[in-house]
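Trainee: Please take me through one part of this model in close-up, the aromatic pairs. Then put that part in the setting of the whole chain.

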Amino acid sequence: MKKIIFIISFLSIVLLWAERIDLNSADLAELKKLPLSEKQIEDIYDYRFHIKFFESIYDLRNIKSINQRTLNRLKPLVMVSHYEEQDEAAARRDEVYYQLERLGTNEGLQEGMSDVWEDFLMSPRNVNKLSFSELISFPNVSAIDATAILKRRANGDTIANYRDLRFTPGISYYGAKNLGNFIHYQQPPISNKIFFDYQLKYEDSPYDDDQKEMYQESMLRGYEGDPPAEKDQTYWGILDMDFHRASVMHKIRMRYMNEWKAGIMFNSHKSNENISNIETEKLFDNSKFYLGYQREFEFDGRNYIKAFVGNYRATFGEGLVMENSDYFSPRKTGFGFDKRILGIIEDASRTEEYALKGFALDWKRHNMNAAFFFSKDKKDAVVYDSNNNGEIDEDDAVLSYITLTNRFSNDELMDAENYFNDYPGNNNQILIAPRIDALDEQILGGHLEYSPFIGTHLGMTGYEAIYDRDFIVPEEDELKYLLIPDIETADEKWKITDNEVNALYSTKQDTLYDRNYRRVFGFDWRTVINNTTFQGEYAEMEVDGKFQKIGDDPSALLISSYTQFENLYLLSMYRDYDLDFDNPYQRSFSESERYDDTVFEKMVYGLNNTLLNDLYLNSAQPSAERGFYFETRYQFHRMLTLTQAYLDIWERKSDARRGIRFQGKIEFKPLHQLRFRLRHKQQIKRYDDDLDRGKSQADESELKIITYLSNFDRIQLGYVYTRVWQPPYLSILSDPAQVNGPDMAQASTLTDGDMIYVDYTHNFNENLKVIGAFSFWNAYGASFWDYEDVELDFDQSDKGYKTWFNIHSRISNNLFLSLKYKYKQFKTREIEFREYNETVTAYFRNVQKSENSIRLQLDWKF
């Protein structure tokens, strides 16, 4: 037996001698071939990854677990290849290139947070010094993971490497894995460095269908003589929007270590002008900047302070009181990759309407967190003729904030309005309209948080916004006829869901109160018990109640629990938002955005001003809802995983409509290179009343087959089938088979559609790859969401196909390029317009259309 062992050992050594392992290029699997303990192998890998490459074999003696005897044993088995002396920052970019690429293409809600995460990737911070709020701000790191790390540190145990992190009691595999790239364990690998990032984003694409409908809907309700040309009836024609396609963003960020930060961003909306021709005033009107300082220091324990001047983001609790962003994200839980970065951070994102500009201070220590912020900025708003002088002027009141699809100047908007108002025979006189910088908003706010022990905190957040003009919401009848000027049909078009419009906040209300401010305050909490975390937030907006009394003003409540196991998590959530809780900075969990199913969405053609459709299209506030949400993930076996399943049961407050939505995703992996993914979604609106016209049921099923090829290439084949059921229409409609034919009632309607697609990824080499897809669909009344690498596309045409590709190239170590091209050909839907209980009044047939778009992103980093 001893002879056999000796022979095997001898042969292993001979083989290793024949092909020595390169300490500068070997991965963990190769290093494990060496006659070393697992800790010694981890230490060698961590040294190369976090400290530096090996210049000679004798550098192994710099590792504590490698003594001279071990070194002598390794000499014939390893080698040290030549390496080029490389800038530390460049070397770090090589290591985290994949993560940098993903973060650089983030859009919308994630855009500003990606800048912070990228800074952590390039300058990791010591995990042995990070606070609780910092740890849970990283993607897919839970409060349970953060508590496990802090408890280990509290016991005096330093985390020395990834192996130590992974085996920290209570931490999950995914928490440790996702945290690994953002941290280091001893001295930072990069110090005293100045970082510079320049980013260019250029997009040449058409407006989407809903935006086109808003701009192309006629503003003339009557005319004299011959019908005017179509372009003379709409904002689209008057503002010459046929060639509005290109938008450009420039962003520059500079940073010295993790202490000093500065950035500036310029963003232009879609225009037919070259960026170089845009007026300087208009370019700077869409700009942001910040200057920040953050530092760690010792004073009665560890302290960490951040200060910002310019634009910043403020996020606290569950987003009920303050989270300033222009973007809405449905079912945003705050867990997994759906994160909030709590506290104050810099902001060079494209958020405009809800941007904060001023100064902010954020101070953290092991058991305390205090933040203060001040902002003074002008906001776009909807203004209406409140003084009844027949025109919209500076003395008129404001109805609401508004985020515009395109920020035309006030002069451009007023010229268009005057044209429509003066058109002979037009019965639609514009008395309500959006205005740029119509409102001067001054915000003073803060957050105070105390942690009595690890994993538990209690916090309070509040702000007061002071305005230079009144928010006044007219009485319901007056508001109805203001928004829908056709008195004969206004009552018919105004639905119960429009209670959400009527519930907007007023700074002046009859004899109840007269003020120039809006106040929102709340408190949040969190505690971790074993492998479960409980958290929540309660908020109130002061209307006519007493400030010191809880429960007498419009309120919002969100509570949740999250339980984590190695192969399973369980998330439960309850939310209850009052209809009158009109907080423009609320970004908490919800199923739908504000103004869903109101006149701002459904009655674009009947509105006094079609641009009010932007109130719904770009709404960032959640709808007033009450409901329960459950979510889970479970790995049954290494080959079978329920990747996500959720169930949402909620009631919309505006009309008491009850809905239910379920989605489940499961993955079967018989081989590492082959995966089958099945997804099914079902949503029922107003499930408690089968005869209500608001009832509908939508089902969608998807099957994906994914195969992974050599060199990290991938091919994915998918099929989607969807159908929508709607109840009978009990009113009399004309026979759809015969225009002007006999009348009949419409039975229940079932529409369906399907789509087939192929996605591919091909890596030409480590610096060049292409991602793309082909898809074909038939959707007679159905619609599809399609994920296109870095953005979502909504397909609702009857029939069509599209192809797109995105080239990702690392031109040099400091220069990164992403170029996307998309071509889309489709048929529009057949549309019939009718008067109530009348025969067809207008009919539009299918029209063949095509679109193409280009998206370019350039990142220069050094």
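Mentor: Start with Phe373. Its relative accessible area is 0%, so Phe373 is buried. Keep in mind that this is a predicted model. The cut-off for buried is under 20% relative accessible area.

Now the wider count. The structure holds 37 aromatic pairs. One of them joins Phe316 and Phe373. The ring centres of Phe316 and Phe373 lie 6.1 Å apart, and the angle between the planes is 20°. That pair is stacked. Planes under 30 degrees apart count as stacked, so 20° qualifies.

Where do Phe316 and Phe373 sit in the chain? Phe316 is in the loop between β9 and β10. Phe373 belongs to strand β12, residues 368–384. The two are 57 residues apart, and their pair links distant parts of the chain. Phe316 has a relative accessible area of 3%, so it counts as buried too.

Go next to Phe335 and Tyr562. Their ring centres are 4.8 Å apart and their planes meet at 10°, so this pair is stacked. Phe335 also lies in the loop between β9 and β10. Tyr562 is in strand β20, residues 555–564. The pair therefore ties together parts of the chain that are 227 residues apart in sequence. Phe335 has 12% relative accessibility, so it is buried. Tyr562 comes to 10%, so it is buried as well.

There is also a cluster. Ring pairs link Tyr354, Tyr401, Tyr463, Tyr467, Phe471 and Tyr585.

Now the whole protein. Its secondary structure comes to 20 helices and 38 strands. The protein has 862 residues, and 52% of them count as buried. Take the contacts between residues at least 6 apart in sequence. Of these, 64% join residues at least 24 apart. The exposed area is about 40,200 Å², and carbon and sulfur atoms supply 55% of it.

Next, the empty space inside. Rolling a probe the size of a water molecule over the atoms shows where empty space is left. The structure holds nine cavities of 30 Å³ or more. The second largest has a volume of about 230 Å³. Its lining has 21 residues. Closest to its centre are Val116, Phe120, Arg125, Lys306 and Ile345.

Which elements each supply at least two residues of that lining? They are α7 (111–122), α8 (132–135), β9 (302–315) and β10 (343–346). Helix α7 gives the most, with four residues. By class, the lining of the second largest cavity divides into 10 nonpolar, four polar and seven charged residues.

Some single residues are worth a stop. Take Arg675 first. Arg675 lies in strand β25, residues 674–685. Its relative accessibility is 14%, so this arginine counts as buried. What does Arg675 contact, leaving aside neighbours within four places in sequence? Its partners are Glu667, Phe668, Lys669, Lys704, Ile705, Ile706 and Tyr708. Strand β26 spans 696–708.

Then Tyr58. Tyr58 is in the loop between α3 (38–51) and α4 (68–74). Not counting residues up to four places away in sequence, Tyr58 touches Leu71 and Lys75. The C-alpha atoms of Tyr58 and Val80 are separated by 9.9 Å, with the two positions 22 residues apart along the chain counted as their spacing.

Last, two backbone angles. Asp437 has phi near 50°, a positive value in a residue other than glycine. Asp437 is in strand β14, residues 432–453. Its relative accessible area is 28%, so Asp437 is partly exposed. Phe712 also has a positive phi, near 65°, and is likewise not a glycine. Phe712 is found in the loop between β26 (696–708) and β27 (714–726). Is Phe712 buried or exposed? Its relative accessible area is 74%, so Phe712 is exposed. The cut-off for exposed is over 50%.

Back to the rings, to close. Phe316 with Phe373 is a stacked pair. Phe335 with Tyr562 is stacked too. The loop between β9 and β10 holds Phe316, and Phe335 lies there as well.

Note on methods: Residues are numbered from 1 along each chain as its sequence is written. This is a predicted model: local features need pLDDT of at least 70, side-chain atom pairs count only at pLDDT 80 or more; totals for chains, interfaces and linings use all residues. Side-chain values use heavy atoms; hydrogens and water are left out. Buried means under 20% relative accessible area, exposed over 50%, partly exposed in between (1.4 Å probe, protein chains only). Contact means heavy atoms within 4.5 Å. On a 1 Å grid over the protein atoms alone, a cavity is a set of points where a 1.4 Å probe fits but cannot get out, and a pocket is an open set with protein on both sides within 12 Å along at least five of seven lines; lining residues have an atom within 4 Å of a point. Grid points are joined across faces, edges and corners, and a volume is the space filled by probe spheres set on the points. Ala, Val, Leu, Ile, Met, Phe, Trp, Tyr, Cys and Pro count as nonpolar, Asp, Glu, Lys and Arg as charged, and the others, Gly among them, as polar. Accessible areas come from the Shrake-Rupley method with a 1.4 Å probe; for residues, only the protein chains shown count as cover. Rings of Phe, Tyr and Trp (its six-membered ring) pair if their centres lie within 6.5 Å; planes under 30 degrees apart count as stacked, over 60 as edge-to-face and the rest as tilted.
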